[in-house]
Amino acid sequence: MKFDITNTKEKMEKSVDVLKKEFSGLRTGRASVGLVEPVQVDAYGSKVPISQVSNISVPEARLLTVQVWDNSLVSAVENAIRSSNLGLNPMTEGNLIRLPIPDLTEDRRKEIVKLASKYAEDSKVSVRNIRRDTMDLIKSLEKDKEISQDEMFDYSEQVQILTDKIILRIDEIYSEKEKDILQVWWIMYWKNIILLN
């Protein structure tokens with residue numbers, strides 16, 4: 001059996017995809033469908049994702065709308081949003097729920113940055129665990145004489161290069177998200193400084 005890095009790469013890419021999904025649920029002051037995607041609604045005797053009982057859209061930069069398909073579920077969807085700790089205040093008109101996105105305070109932005117940092121760190125740990133498992137596999141292949149020692153070093157180097165690339169991507173994604181979260185706060189801060197002077 002020869003070693004193939006494709007499986008390792010796919011697993012690492014999945015860690016990055018999970019991180020992106022987690023980041024899409026973090027509020028930045030702009031409306032995003034990903035913000036309410038984690039909300040679970042009590043419907044038909046079980047908890048289901050909000051996207052399975054409604055259509056979510058972003059008609060404006062600071063507004064989400066949730067079009068509930070079944071009128072009997074409107075209050076369940078509204079309650080699920082209220083109890084989700086997203087800081088959103090649903091306004092219901094028939095089966096349409098409007099979710100205005102309020103401004104984030106400086107403290108709330110800092111909390112969100114901390115959470116984003118934790119998600120990024122968890123993602124790196126996941127990638128490093130995949131690297132460790134792959135390195136163990138390479139060593140066992142060499143030990144069982146399925147690959148040579150030179151191949152073992154070569155494959156190990158390939159895995160390390162891949163790991164470094166993925167970790168760098170995670171750092172870049174986190175850096176972008178951090179900028180996105182803090183951006184409006186800095187604009188407001190500098191406007192206030194200018195107004196005071």
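Two strands are taken to pair if DSSP finds at least two bridges between them. On that basis, β3 and β4 of this predicted model form a hairpin, with 2 residues between the strands.

## The sheet

The β3-β4 hairpin is held in the antiparallel sense over 5 bridges. One of the bridged positions is serine 54, whose partner in β4 is valine 68. The hairpin belongs to an open sheet of 4 strands, arranged in the order β3-β4-β6-β5 with antiparallel pairing. β3 (54-60) and β5 (91-93) each have a single partner strand and stand at the edges, so one side of each is left without a neighbour in the sheet. From one strand to the next, the twist averages 25°.

At the other end of the strand order, β5 and β6 run antiparallel and are joined by 3 bridges. Methionine 91 has arginine 98 of β6 as its bridge partner. Strands of a sheet pair through backbone hydrogen bonds, either parallel or antiparallel.

A helix accompanies this sheet: α3 lies across β4, β5 and β6, and runs at about 15° to β6.

## Two nonpolar cores

In soluble globular proteins, nonpolar side chains tend to be buried together. Here the largest nonpolar core has 23 residues, and Val66 and Val77 are those with the most contacts inside it. The elements giving two or more residues to this core are α2 (33-36), β1 (40-43), β4 (63-68), α3 (74-82) and β6 (96-100). The largest share, 4 residues, comes from α3.

What does valine 66 touch, when residues up to four places away in sequence are not counted? Valine 66 touches Ile50, Ser54, Asn55, Ile56, Val77, Ile81, Asn95, Leu96, Ile97 and Leu99. Val77, a contact of valine 66, is also one of the two residues named for the most contacts inside the core.

A second core, separate from the one described above, has 20 residues and includes Met12, Ala120, Val127 and Ile170.

## The packing of α1 and α4

Two of the residues named for the second core, Met12 and Ala120, also take part in the contact between α1 and α4. The axes of these helices come within 10 Å and cross at roughly 170°. Angles over 145 degrees count as roughly antiparallel, and α1 is therefore roughly antiparallel to α4. On the α1 side, the contact is made by Thr8, Lys11, Met12, Ser15, Val16, Leu19, Glu22 and Phe23. On the α4 side, the residues are Ala116, Tyr119, Ala120, Ser123, Ser126, Val127, Ile130, Arg131 and Thr134.

## Salt bridges and links to α5

How many salt bridges does a search of the whole structure find? The search finds 9. The table gives examples, with the N to O separation of each.

| Side chains in the salt bridge | N to O distance |
|---|---|
| Glutamate 13 and arginine 169 | 3.2 Å |
| Aspartate 42 and lysine 47 | 3.3 Å |
| Lysine 124 and aspartate 171 | 2.6 Å |

Glutamate 13 lies in helix α1 (residues 6-24) and arginine 169 in helix α5 (residues 149-196), so this pair ties together parts that are 156 residues apart in sequence. Glutamate 13 is partly exposed, at 23% relative accessibility, and arginine 169 is partly exposed as well, with a relative accessible area of 28%.

Helix α5 takes part in another of these salt bridges, that of lysine 124 and aspartate 171. Lysine 124 lies in helix α4 (residues 106-143) and aspartate 171 in helix α5, so the pair ties together parts that are 47 residues apart in sequence. Is lysine 124 buried or exposed? At 13% relative accessibility, lysine 124 counts as buried, whereas aspartate 171 counts as partly exposed at 32%.

In the salt bridge of aspartate 42 and lysine 47, lysine 47 is exposed, with a relative accessible area of 53%.

Lysine 20 provides a further view of α1 beside α5. Lysine 20 lies in helix α1 and counts as partly exposed at 42% relative accessibility. Leaving aside neighbours within four places in sequence, lysine 20 is in contact with Arg169 and Ile173. Arg169 is also the salt-bridge partner of glutamate 13. The C-alpha atoms of lysine 20 and tyrosine 174 are separated by 9.2 Å, although these residues are 154 residues apart along the chain.

Methods
Residues are numbered from 1 along each chain as its sequence is written. This is a predicted model: local features need pLDDT of at least 70, side-chain atom pairs count only at pLDDT 80 or more; totals for chains, interfaces and linings use all residues. Side-chain values use heavy atoms; hydrogens and water are left out. A nonpolar core is a set of buried Ala, Val, Leu, Ile, Met, Phe, Trp, Tyr and Cys residues joined through side-chain atoms within 4.5 Å. Buried means under 20% relative accessible area, exposed over 50%, partly exposed in between (1.4 Å probe, protein chains only). Contact means heavy atoms within 4.5 Å. Axes are lines fitted to C-alpha atoms, for helices over the stretch in contact, and angles run from 0 to 180 degrees between N-to-C directions. A salt bridge is a side-chain nitrogen of Lys or Arg within 4 Å of a carboxyl oxygen of Asp or Glu. Angles under 35 degrees count as roughly parallel, over 145 as roughly antiparallel, 65 to 115 as roughly perpendicular and the rest as oblique.
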